[in-house]
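Work through the following exercises with the coordinates at hand, treating each as a short exercise in reading a model. Each task is followed by a solution that proceeds in steps.

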Amino acid sequence: MKFSYQNKTRIQFGQGQVASIKELIPSDQKVMFIYGFGSIKKNGVFDQVVAALSDHDYVEFAGVEANPTVETLDKAVAQVKEQGVDFILAVGGGSVIDGAKYVAAASLYEGDGWDILEAKHIVSQAMPIGAILTLPATGSESNVNSVVTKAATQQKLAFGSPFVQPEFAVMDPDVMKTLPQRQLANGIVDAWVHVCEQYLTYPAGALVQDGYAEALLKSLKTLGDNFSDQDDAWRANLMWSANQALNGQLGLGVAQDWATHMIGHELTALYGVDHARSLAMVQGSLLRNQMDVKRAKLEQMGRNVFGLSDHSELAEQTIEQIEAFYQSLDVETQLSDHGGDKSLAIEKIMTQLENHGRISLGENNAIDLEQSRAILSQAVA
Ligand code: NZQ
Ligand code: ZN
């Protein structure tokens, strides 16, 4: 085990914490306040931010869409360059925060910002970012990742850089009160799959990572099982679980998979499926396809997370339990809304995977195009 780890993001957790950004952003910095499509105007977060920024010079940039597009974000980049912005404040879910990361990096790059997503430019500097989280799911508020879509070509690509990790993340569970139930279910599923991507590989004897992964999965399972009893503690637990699921720590020194995400991103790009839901459609099929290499960890998860007893079909039963969990949250485990022609849908997804070089996925690089096709034959209804 060899790793280097730093998590610089200061977490401001709890009710009323939005006000603290007043002290966290230096008062001489010009701020760009980036948000989505108005949910923050309905739940009071917008007013809280405006009040907290009363001593700051700031500009607003609204309209970052779910699954943010480079077409929209490049307008923010142009404004940052024109108006001498020093600090990016993202107020929203993963899409707004990911979008802010792109803006922070692309604003200090002279070329076409899309180069960053295509790895033609490796980020070496970015503007400082602060995040006010309104939807717990992605962990983007305290990690290095960003996922951006090019609408023109239906490409959804990711980049990661320590330079875009937020300086601070405000996490007030009260902001979740206006979230549609669908988005709360998405949050549970996305965080769950984030843990799985870093845990369901092969045994590495990493006692801390395994134990923490199981604690997070059990916490998420409890939250899902009590979905209809949401109170302050429920919201706080979901916000914290989703953050911890992808803040860089679980994956230290262990193999990571991420194939479910890579294939899922294509479903979102082509069919507009919510990110979390795309994962639920792919994961079960992928785990079955990779059973030979994942059996030991699936058995461990079955025992330690679902409380199953040992028997020869324990790994298979664990996958059934995972899918039953998603279904209990009204999250589908197959892609059915694709226009009615299964083979055509599979061909379209395969073409995207190939075009994006997703030809050796997973912790063993064993998911080649042939395996992806086999996975999709079960994942697409
Ligand atoms: O635009 P507004 O009006 O704000 O509405 C949003 C949006 O329509 C709404 N919403 C957010 N907070 C709300 C609220 N509605 C009511 N009350 C609130 N408090 O929710 C909708 C979805 O928001 P979005 O930000 O898209 O959701 P999520 O947080 O699930 O982010 C998904 C994006 O993150 C990427 C995904 O690919 C996708 O693009 N991911 C980012 C990761 C990362 N940075 O580490 C990892 C993930 O695996 C994921 O790929
Ligand atoms: Zn995810």
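**Exercise 1.** Locate histidine 265 in the secondary structure, decide whether its side chain is buried or exposed, and list its contacts beyond the local sequence.

*Solution.* Begin with the secondary structure of this predicted model: histidine 265 belongs to helix α10, which spans residues 259–271. Next, consider accessibility: the relative value for histidine 265 is 4%, and because the cut-off for a buried residue is under 20%, histidine 265 is classed as buried. Finally, set aside the residues within four places in sequence; the contacts of histidine 265 that remain are Val147, Lys156, His275, Ser278 and Arg358.

**Exercise 2.** Describe the surroundings of ligand 1, and find polar side-chain atoms that approach its oxygen and nitrogen atoms.

*Solution.* The first step is to count the neighbours: ligand 1 is surrounded by 32 residues, of which Phe37, Ser39, Gly94, Ser95 and Asp98 are the closest. The second step is to look at individual atom pairs. For threonine 178, a polar side-chain atom is found 2.8 Å from a nitrogen atom of ligand 1. In the side chain of asparagine 67, an N or O atom lies 3.1 Å from an oxygen atom of the ligand, and the side chain of histidine 265, the residue of the preceding exercise, likewise has an N or O atom 3.3 Å from an oxygen atom of ligand 1. The last step concerns the ligand surface: taken alone, ligand 1 exposes 960 Å², and 89% of that is buried by the protein.

**Exercise 3.** Establish the strand order of the open sheet, then work out how strand β8 is placed within it.

*Solution.* Start with the whole sheet, which is open, has six strands in the order β1-β8-β5-β4-β2-β3, and shows parallel pairing. Its edge strands are β1 and β3 (58–61), each of which pairs on one side only, while the twist from one strand to the next averages 15°.

Now turn to β8 (residues 168–171). On one side in the strand order, β1 (residues 10–13) runs parallel to β8 and is joined to it by four bridges; arginine 10 stands opposite phenylalanine 168, and isoleucine 11 has alanine 169 as its bridge partner. The parallel strand β5 (residues 129–133) is joined to β8 by three bridges, and here alanine 131 has alanine 169 as its partner.

The faces of β8 remain to be examined. Phe168 and Val170 are buried on one side, as are Ala169 and Met171 on the other, so that both faces are covered. Among the helices against these strands, α9 (residues 232–245) lies across β1, β5 and β8, and runs at about 170° to β1.

**Exercise 4.** Characterise the position of serine 107, including its accessibility and the contacts that it makes.

*Solution.* Serine 107 is placed in the loop between α5 (94–106) and α6 (114–117). With a relative accessibility of 8%, serine 107 counts as buried. Its side chain reaches back to the backbone oxygen of valine 103, at 2.6 Å. Beyond four places in sequence, serine 107 touches Val77, Val80, Lys81 and Met127; for lysine 81, which is 26 residues away along the chain, the C-alpha atoms of the two residues are separated by 6.4 Å.

Conventions
Residues numbered from 1 in each chain as written. Chains lettered and ligands numbered in written order. Predicted model: local features only at pLDDT ≥ 70, side-chain atom pairs only at ≥ 80, totals over all residues. Heavy atoms only, no water. Helix = DSSP H or I, 4+ residues; strand = E, 2+ residues; numbered from the N terminus. Buried < 20%, exposed > 50% of the residue type's maximum accessible area, 1.4 Å probe, protein only. Contact = heavy atoms within 4.5 Å. Pairing = 2+ DSSP bridges. Polar contact = N/O pair within 3.5 Å; in protein donor to acceptor, adjacent residues only side chain to side chain. Near = heavy atom within 4 Å. Areas by Shrake-Rupley, 256 points an atom, 1.4 Å probe, with all protein chains shown as cover. Axes fitted to C-alpha atoms, helices over the stretch in contact; angles between N-to-C directions.
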